[in-house]
Amino acid sequence: MLSDAMQSALNEQIKVEAESSQIYLAMASWAEVKGFEGIATFMFKQSDEERGHMLKLVKYVNQRGGHAVVSLLDEPKLDYTSFKTLFTQLYNHEVKVSASINKLVDIALTGKDYATHNFLQWYVSEQIEEEATAKAILDKIDLIGNDKGGLYLFDNDMKVFSSAGHNIVQ
């Protein structure tokens, strides 16, 4: 059984994961309209993955005797002035999600909810990967600079990584 504090915190994380899915979806739509097929493919895939993270939390809350709440979401507010700006926002968002997961872990440990602590370890590992991927993308964008040919190759790389089921870190 979940404590009220743990259930409330998990429901807040459900919203965070839903917002993450929406952020990736908004970025995917922008990239697709701009003709960046690889970046769009990557972002659509990440949006689906974030929705999966949300659904996993919903199932967990309900299975532990709680009630998962699906919240209203605001439209993502993103700055599309450059790829670096866009991916910097993405990286910063992933850091924020990691902090949110860490807060959940702390609540679970403080409340001696070891089942939830165990459940959350998957999210801790996942966030390490998400941050590393976002950072690797930013590093590649820094290498490319303003080179249009480099951006074209980067977009193709993103498509290959997405379709092969890999992430950009590998």
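Here are some worked exercises on the predicted model shown above.

**Exercise 1. Helix lengths**

Task: Check whether the end-to-end distances of helices H1 and H2 agree with their numbers of residues.

Solution:
- Start with H1, which covers residues 4-33 and has 30 residues. The expected span of a helix is 1.5 Å times one less than its number of residues, so for H1 we should get 44 Å. The C-alpha atoms at its ends are 44 Å apart, which agrees.
- Now do H2, residues 37-63, in the same way. With 27 residues, H2 should span 39 Å, and its end C-alpha atoms are indeed 39 Å apart.
- You can try H3 too. H3 has 28 residues and runs 41 Å from its first C-alpha to its last, close to the expected 40 Å.

**Exercise 2. What comes after the helices**

Task: Find which residues with a positive phi follow H1, H2 and H3.

Solution:
- After H1 comes Gly35, with a positive phi near 90°.
- H2 is followed by Gly65, where phi is positive too, near 85°.
- Just after H3, look at Lys112: its phi is positive, about 55°.

**Exercise 3. Two buried glutamates**

Task: Work out what surrounds Glu94 and Glu50, and how far each is from the nearest side chain of opposite charge.

Solution:
- First, place them. Glu94 sits in H3, residues 83-110, while Glu50 belongs to H2.
- Next, look for a partner. Side chains of opposite charge can pair when their charged atoms come close. Glu94 is buried but has no salt bridge, and its nearest side chain of opposite charge, Lys96, is 11 Å away. Glu50 is also buried without a salt bridge; here the nearest opposite charge is on Arg51, 11 Å away. A salt bridge needs the nitrogen and oxygen within 4 Å, so Lys96, at 11 Å from Glu94, does not make one.
- Then list the contacts, skipping neighbours within four places in sequence. Glu94 contacts Tyr24, Glu50, Gln127, Glu130 and Glu131. The contacts of Glu50 include Tyr24, Glu94 and Glu130; Glu17, Ser20 and Ser21 are among them as well.

**Exercise 4. Following one contact**

Task: Take Gln127 and say whether it is buried or exposed, and what it touches.

Solution:
- Gln127 is in helix H4.
- Its relative accessible area is 4%. Buried means under 20%, so Gln127 counts as buried.
- Leaving out residues up to four places away in sequence, Gln127 touches Glu94, Val97, Ser98 and Ile101.
- For a distance in space, try His67: Gln127 and His67 are 60 residues apart in sequence and 25 Å apart, C-alpha to C-alpha.

**Exercise 5. Salt bridges**

Task: How many salt bridges are there, and which parts do some of them join?

Solution:
- The count is four. Let's go through some of them.
- Glu37 pairs with Lys159, with their closest N and O atoms 3.7 Å apart. Glu37 lies in H2 and Lys159 in H5, so this pair ties together parts that are 122 residues apart in sequence. Glu37 is partly exposed at 48% relative accessible area, and Lys159 is partly exposed at 28%.
- Arg64 pairs with Asp113, the closest N and O atoms being 3.8 Å apart. Arg64 is in the loop between H2 and H3, and Asp113 is in the loop between H3 and H4, so parts 49 residues apart in sequence are tied together. Arg64 is partly exposed, at 24%, whereas Asp113 is buried, at 12%.
- Lys135 pairs with Asp139, and here the closest N and O atoms are 2.8 Å apart. Both lie in H4, four residues apart, which is about one turn of the helix. Lys135 is partly exposed at 39%, and so is Asp139 at 34%.

**Exercise 6. The largest pocket**

Task: Which element gives the most residues to the lining of the largest pocket?

Solution:
- The largest pocket has a volume of about 270 Å³.
- Its lining includes Ser82, Phe83, Lys84, Ile141, Asp142, Ile144 and Leu151.
- The elements that give two or more residues to this lining are H3, H4 (114-144) and H5 (148-163).
- H4 gives the most, with three residues.

Note on methods: Residues are numbered from 1 along each chain as its sequence is written. This is a predicted model: local features need pLDDT of at least 70, side-chain atom pairs count only at pLDDT 80 or more; totals for chains, interfaces and linings use all residues. Side-chain values use heavy atoms; hydrogens and water are left out. Buried means under 20% relative accessible area, exposed over 50%, partly exposed in between (1.4 Å probe, protein chains only). Lys and Arg count as positive and Asp and Glu as negative; His and the chain ends are not counted. Contact means heavy atoms within 4.5 Å. On a 1 Å grid over the protein atoms alone, a cavity is a set of points where a 1.4 Å probe fits but cannot get out, and a pocket is an open set with protein on both sides within 12 Å along at least five of seven lines; lining residues have an atom within 4 Å of a point. Grid points are joined across faces, edges and corners, and a volume is the space filled by probe spheres set on the points.
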